[in-house]
Amino acid sequence: MHVFIVYAHPSEDSFTRRVRDAFIEGCTATGHSVEISDLYKMNFRTDMSEAEYLRDANFNDTLPVESDVVAEQEKINRCEVIVFIYPVFWTEAPAKLVGWFNRVWSYGFAYGNRSMKSLKKGICICTSGHPIGRLKEYGHLEAMKTVMINDRLFDRVASSEFVVLDGMTKADTERRKNNWKRHLDTAYETGRNL
Ligand SMILES: Cc1cc2nc3c(=O)[nH]c(=O)nc-3n(C[C@H](O)[C@H](O)[C@H](O)COP(=O)(O)O)c2cc1C
């Protein structure tokens with residue numbers, strides 16, 4: 001299958017970057033092809049322009065779509081599986097990825113009379129500082145899943161998966177000892193078993 005990865009982390013020196021690499025290794029080991037948008041590296045513009053707002057808010061798909069947005073939409077329409085890889089920032093994806101949705105999920109593409117292809121699968125792989133138990137206890141996990149899976153992916157994918165690689169804050173002594181390898185193995189296996 002052809003896999004499109006939307007990756008958002010500001011630093012190459014991050015655990016999330018290693019997760020991305022392990023996931024790609026898993027994909028290619030099974031013969032899947034991979035295409036990636038590295039949103040910070042691309043300096044992807046994430047603020048909506050007024051013209052974009054007026055187009056989307058007024059449900060007017062006769063207005064033009066910016067070329068950087070069209071390029072992302074073309075990547076989506078040539079993949080079977082879309083994968084989002086990012087760190088949790090304040091119980092959300094980084095603003096860079098949220099802004100990508102604001103612009104790329106445009107009227108006439110992702111809603112309205114959609115030209116977006118129905119995808120086989122959507123996967124979110126996020127890294128968190130907090131352990132999973134805490135994310136559940138305070139409702140953070142449910143909130144993140146609701147937004148990413150039930151709203152953004154919704155029926156645009158036939159199946160979906162939300163993977164949290166938890167306990168990865170640099171202050172946590174368990175980070176390297178227990179979680180590092182286990183999480184990279186999970187990322188690899190998620191890519192291998194698409
Ligand atoms: C600005 C900022 C906000 C963060 N917010 C959260 C949060 O709300 N919940 C959480 O579990 N971890 C949070 N973290 C921790 C990151 O998710 C953590 O950096 C990441 O999971 C793993 O590390 P990496 O940055 O080396 O990839 C935050 C980190 C930063 C820098």
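**Notes on a first look at this model**

1. Let's start at His9, which touches Ser14, Thr16, Tyr40 and Pro87, leaving out residues up to four places away in sequence; a contact here means heavy atoms within 4.5 Å. A quick word on the basis: this is a predicted model, where local features need pLDDT of at least 70 and side-chain atom pairs count only at pLDDT 80 or more, while totals for chains, interfaces and linings use all residues. Residues are numbered from 1 along each chain as its sequence is written, and side-chain values use heavy atoms, with hydrogens and water left out.

2. Where does His9 lie? It sits in the loop between β1 (2-7) and α1 (15-29). Helices (H or I, at least four residues) and strands (E, at least two) are DSSP runs numbered from the N terminus. His9 counts as buried, at 13% relative accessibility; buried means under 20% relative accessible area, exposed over 50%, and partly exposed in between, with a 1.4 Å probe and protein chains only. His9 and Pro87 are 78 residues apart in sequence, yet their C-alpha atoms are 6.7 Å apart in space.

3. His9 also turns up at the largest pocket, as one of the residues closest to its centre, along with Pro87, Thr127, Met168 and Arg175. In all, 15 residues line this pocket, and its volume is about 220 Å³. By class, the lining has 5 nonpolar, 7 polar and 3 charged residues. On a 1 Å grid over the protein atoms alone, a pocket is an open set of points where a 1.4 Å probe fits, with protein on both sides within 12 Å along at least five of seven lines, and lining residues have an atom within 4 Å of a point. Grid points are joined across faces, edges and corners, and the volume is the space filled by probe spheres set on them. Ala, Val, Leu, Ile, Met, Phe, Trp, Tyr, Cys and Pro count as nonpolar, Asp, Glu, Lys and Arg as charged, and the others, Gly among them, as polar.

4. Met168 gives a link from the pocket to His183, which is in contact with Phe15, Leu165, Asp166 and Met168, setting aside neighbours within four places in sequence. His183 is found in helix α7 (residues 174-192) and is buried, with a relative accessible area of 2%. Its C-alpha atom is 9.9 Å from that of Gly167, 16 residues away in sequence.

5. Next, a helix pair. At what angle do the axes of α3 (residues 67-77) and α4 (residues 95-104) cross? They cross at roughly 90° and come within 10 Å, so α3 is roughly perpendicular to α4. Axes are lines fitted to C-alpha atoms, for helices over the stretch in contact, and angles run from 0 to 180 degrees between N-to-C directions; 65 to 115 degrees counts as roughly perpendicular. From α3, Asp68, Val69, Glu72, Gln73 and Ile76 meet Trp100, Arg103 and Val104 of α4. By class, this contact has 4 nonpolar, 1 polar and 3 charged residues.

6. Two members of that helix contact deserve a look. Gln73 in α3 is buried, with a relative accessible area of 9%. Beyond four places in sequence, Gln73 touches Val65, Val104, Ser106 and Phe109. Arg103 in α4 counts as buried too, at 2% relative accessibility. Apart from neighbours within four places in sequence, Arg103 is in contact with Phe44, Arg45, Thr46, Asp47, Met48, Glu52, Glu66, Asp68 and Val69.

7. Strand β4 (residues 119-127) holds Cys124, and Gly122 is found in β4 as well. Are these residues buried or exposed? Cys124 is buried at 0% relative accessibility, and Gly122 is buried with a relative accessible area of 0%. Not counting neighbours within four places, Cys124 is in contact with residues including Phe84, Tyr86, Ile149 and Phe162, while Gly122 has contacts with Ile82, Leu153, Val157, Ser159, Ser160 and Glu161. The C-alpha atoms of Gly122 and Ser160, 38 residues apart along the chain, are separated by 4.7 Å. For Cys124 and Ile149, 25 residues apart, the C-alpha separation is 8.3 Å.

8. Last, some backbone angles to check. Most residues other than glycine have a negative phi. Asn43 has a positive phi of about 55° although it is not a glycine. Asn43 is in the loop between β2 (33-38) and α2 (50-57) and is exposed, at 60% relative accessible area. Phe59, not a glycine either, has a positive phi of about 50°. Phe59 lies in the loop between α2 and α3 and is exposed, with a relative accessible area of 53%.

Conventions. Parallel < 35°, antiparallel > 145°, perpendicular 65-115°, else oblique.
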